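Okay, everyone, thanks for coming. I'd like to walk you through a model, so grab a seat and have a look at the screen.

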Amino acid sequence: MGCSSAKQERQCTPLQTINRKVKLRWLGHSGFRIEVPDIQDASINRCIYIDPWLDNPFLPEDLKGKVPNDADLVLITHGHFDHSSSAPGIIKASSKKEAKIICNYELFQFYQKHHGVKEEQGAPMNKGGQLDFGYCRVQMVSADHSSTCLLRDQTMTQGGEPCGFVVSAGGANIYHAGDTNVFGNMAIIDKLYKPTHLLLPIGGSFTMGPREAAYAVSRFLPSATVTIPMHFGTFPLLKGTTEEFEAHLRKFQPEFKRKPIKVIAPQKLMLLDSVLP
Ligand SMILES: [Zn+2]
């Protein structure tokens, strides 16, 4: 369960551990699925979805037209439809009794009021809060963005504050930044939660572009060894590319004396059995 003390940090080898235990799959856009063995019974796999959007054009072929029924947790960073709209369907379809949506309080109220999600199907929290499920620990962190929810009549309602998450499981601390601009307090996220893997938006227009994301990695997030860009290419406006991101990293890393970080294109994580290197 992560590296919570200096002694454990020395003993912890996140990349080897993650290779053995944690599977990460890209679901298109900002959606990811993390699979981790249960801490009591390793034959049971726990499934954590983050911002799954089942209507996105890059959803893996085998998931098209289906709603997954294996979710233990569905983490939602904010109310915008391309992050939040599939959560009610996934939680209702789950075969796991304790399955829960994790999001801010206001967004969970929206799910209850407008999508028939039951109170026991959620674990609302707020930034700075942490929930420990045994097989993983979920830390809610800040994001610099907006958050509104779409009503059935196409008007908008407030969706509370946007957030990011650090999911700690199997020795890895996976930071999903949600939709965000770069902000200086990413340094606090690095200091407190030591993210080993970064899932960062690079599309631009609505979030950081490649330059801002490369600055965030180089200046504020030195603990990570792997970064996976997301939220690009889905619509024409999301123009940022992995190549631009890498080019900016090559410029910023020496400036901030940061160790080079491995960039993995999310398309490489589309197969269910993909494990991080
Ligand atoms: Zn958004």
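I'll go through the two sheets, then a few helices, and finish with a residue in a loop. Keep in mind that what you're looking at is a predicted model.

Let's start with the sheet of five strands. It's an open sheet, and the order is simply β1-β2-β3-β4-β5, with mixed pairing. So which strands stand at the edges? They're β1, residues 23–26, and β5, residues 100–102. Each has a single partner strand, so one side of each is left without a neighbour in the sheet. Going from one strand to the next, the twist averages 20°.

Zoom in on β1. Its link to β2, which covers residues 32–37, is made of four bridges, and the two strands run antiparallel. If you want a pair to click on, try Lys23, which sits opposite Glu35 in β2.

Now the other sheet. This one is open too, with seven strands in the order β6-β7-β10-β11-β12-β13-β14, and again the pairing is mixed. At its edges you'll find β6, residues 130–132, and β14, residues 262–263, each pairing on one side only. β6 is joined by three bridges to β7, residues 137–142, and those two run antiparallel. Leu131 has Val138 in β7 as its bridge partner.

Further into the order, things run the other way round: β11, residues 172–176, and β12 are parallel, joined by three bridges. There, Ile174 stands opposite His197 in β12.

Stay on β12 for a second. Are its residues buried or exposed? Five of its five residues are buried. Remember that in a regular strand, side chains alternate between the two faces of the sheet. Here, His197, Leu199 and Pro201 are on one side, Leu198 and Leu200 are on the other, and both faces are covered.

So what lies across β12? That's helix α7, which lies across β12 and β13 and runs at about 155° to β12.

α7 also has a helix to pack with. For two packed helices, we describe the angle between their axes and the distance between the axes. α7, residues 210–220, and α8, residues 242–255, pack at about 35°, with axes 8 Å apart. The crossing is right-handed. On the α7 side, the contact includes Ala213, Ala214 and Val217, and on the α8 side it includes Phe245, Leu249 and Phe252. The residues of this contact divide into eight nonpolar, three polar and four charged.

Next, α5, residues 105–115. Leu107, Phe108, Phe110 and Tyr111 are buried here. Looking down the axis of α5, those buried residues fall within an arc of 150°, so they line one face of the helix. Their cover includes α3, α4, β5, β8 and β9. Just after α5 comes Gly116, with a positive phi of about 65°.

Last stop: Leu221, in the loop between α7 and β13. How many other C-beta atoms does Leu221 have within 10 Å? There are 23, and being buried takes 20 or more, so Leu221 counts as buried. Leaving out residues up to four places away in sequence, Leu221 touches Met186, Asp190, Pro195, Leu198 and Ala216. You've met Leu198 already: it's one of the buried residues of β12.

That's my tour, so let's open it up for discussion.

Note on methods: Residues numbered from 1 in each chain as written. Predicted model: local features only at pLDDT ≥ 70, side-chain atom pairs only at ≥ 80, totals over all residues. Pairing = 2+ DSSP bridges. Axes fitted to C-alpha atoms, helices over the stretch in contact; angles between N-to-C directions. Left-handed = near helix turned anticlockwise from the far one by under 90°. Contact = placed C-beta atoms within 7 Å. Nonpolar A, V, L, I, M, F, W, Y, C, P; charged D, E, K, R; others polar. Buried ≥ 20, exposed ≤ 12 C-beta atoms within 10 Å, placed from the backbone. Arc of directions from axis to C-beta.
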